[in-house]
Amino acid sequence: MAQLLRVQNFTVSSDGIGAGEDQTLERPFGHVDPVRLHNWAFATASWPGRTDGGGSRGIDDYFTRDFTHNIGAEIMGRNKFGPQRGPWEDHEWQGWWGDEPPFRTPVFVMTHYSRPSFTLSDTTFHFVEGDPATVLARAREAARGKDVRLGGGVSTVRQFLDADLVDTLHVAVAPVEYGTGLRLWESPDELLDRFHLEVVPSPSGVTHHLFWRR
């Protein structure tokens, strides 16, 4: 079976916005409140940061629990990794995830500026330049037969969609509206020329959009 390129648990507002403008170290999502956007996942029993043993079950928890299933590598854009722009001037900055990143696979960070790879726990970050097809080929090799997750952000997902490389997408649409920001789509119908779509509402208020290639 072919290795899939999968977008998982990617959340946008009801007007299609997945991240805000003016990203900083203190505000990874810019003006967008990530708690309002991603609370459906934070509230689940399987959220990795949960320590109290509680949390919701059901469909939201299923998607949270499935995040690592059969994933052998991740691709992300530079802005998901950190707020720096231009040449890497601060190699001490190693991402927003602390000493235990949640990926537990090789991660390929797309950038135009070289930087040495480094490892935190069981995640190794590689900084790579190239078009989407070239980066995907490297990630597939590192994944050793498993699927590759396309982690975002918005611009990176759009780049791979435009290159027609994405096989499946799970997009959670949260019941919030931002008006401005980085927009994944004007409407999910934009993808229906290439993907089947099933829409599944959740009691939490989000609506899960499941796309798979035609």
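**A mixed sheet, its helices and its rings**

Arg78 lies over the face of Trp88, 3.8 Å from the ring centre. This is a predicted model, and every value here is computed from it. A second arginine shares that ring: Arg115 also lies over the face of Trp88, at 4.9 Å from the ring centre. Trp88 belongs to an aromatic cluster as well. The other members are Phe81, Trp97, Phe103, Phe118, Phe125 and Phe127.

Aromatic pairs occur elsewhere too. The structure holds 16 of them. One is formed by Phe42 and Trp47, whose ring centres lie 4.7 Å apart. Their planes make an angle of 70°. That angle is over 60 degrees, so the pair counts as edge-to-face. How accessible are the two partners? Phe42 is partly exposed, with a relative accessible area of 26%. Trp47 is likewise partly exposed, at 32%.

Now the sheet. Nine strands make up an open sheet with mixed pairing. Their order is 5-6-4-3-7-1-8-11-10. Which strands form the edges? They are strand 5 (118-120) and strand 10 (195-201), each of which pairs on one side only. From one strand to the next, the twist averages 20°. In general, strands of a sheet pair through backbone hydrogen bonds, either parallel or antiparallel.

Look at the strand 5 edge. Strand 5 runs antiparallel to strand 6 (residues 123-128), and three bridges join the two. Across this pairing, Thr119 stands opposite Thr124 of strand 6.

Two helices can be placed against the sheet. Helix 1 (residues 34-42) packs on the sheet and touches strand 1 (5-12), strand 8 (168-173) and strand 11 (207-213). The direction of helix 1 makes about 120° with that of strand 1. Helix 4 (residues 132-143) also packs on the sheet. Strand 1, strand 3 (71-77), strand 4 (106-110), strand 6 and strand 7 (147-152) are the strands that helix 4 touches. Between the directions of helix 4 and strand 3 the angle is about 150°.

Two aspartates repay a closer look. Start with Asp122, in the loop between strand 5 and strand 6. Is Asp122 buried or exposed? Neither: its relative accessibility is 42%, so Asp122 counts as partly exposed. The side chain of Asp122 makes a polar contact of 3.4 Å with the side chain of Ser121. Beyond residues up to four places away in sequence, Asp122 touches Arg104 and Thr105. Asp99 is 23 residues from Asp122 along the chain, and their C-alpha atoms are separated by 9.8 Å.

Asp147 sits in strand 7. Here the relative accessible area is 8%; that is under 20%, so Asp147 counts as buried. What does the side chain of Asp147 meet? One polar contact, of 3.1 Å, joins it to the side chain of Arg6. A polar atom of the Asp147 side chain also lies 2.9 Å from the backbone nitrogen of Leu4. Leaving aside neighbours within four places in sequence, Asp147 is in contact with Ala2, Gln3, Leu4, Arg6, Asn70, Ile71, Gly72 and Ala73.

Set the two side by side. Asp122 is a partly exposed loop residue, whereas Asp147 is a buried strand residue.

How values were computed. Residues are numbered from 1 along each chain as its sequence is written. This is a predicted model: local features need pLDDT of at least 70, side-chain atom pairs count only at pLDDT 80 or more; totals for chains, interfaces and linings use all residues. Side-chain values use heavy atoms; hydrogens and water are left out. Two strands pair if DSSP finds at least two bridges between them. Helices (H or I, at least four residues) and strands (E, at least two) are DSSP runs, numbered from the N terminus. Axes are lines fitted to C-alpha atoms, for helices over the stretch in contact, and angles run from 0 to 180 degrees between N-to-C directions. Contact means heavy atoms within 4.5 Å. Rings of Phe, Tyr and Trp (its six-membered ring) pair if their centres lie within 6.5 Å; planes under 30 degrees apart count as stacked, over 60 as edge-to-face and the rest as tilted. Buried means under 20% relative accessible area, exposed over 50%, partly exposed in between (1.4 Å probe, protein chains only). A charge sits over a ring if NZ of Lys or CZ of Arg is within 6 Å of the ring centre and within 35 degrees of the ring normal. A polar contact is a pair of N or O atoms within 3.5 Å; within protein, one must be able to donate a hydrogen and the other to accept it, and residues adjacent in sequence count only if both atoms are side-chain atoms.
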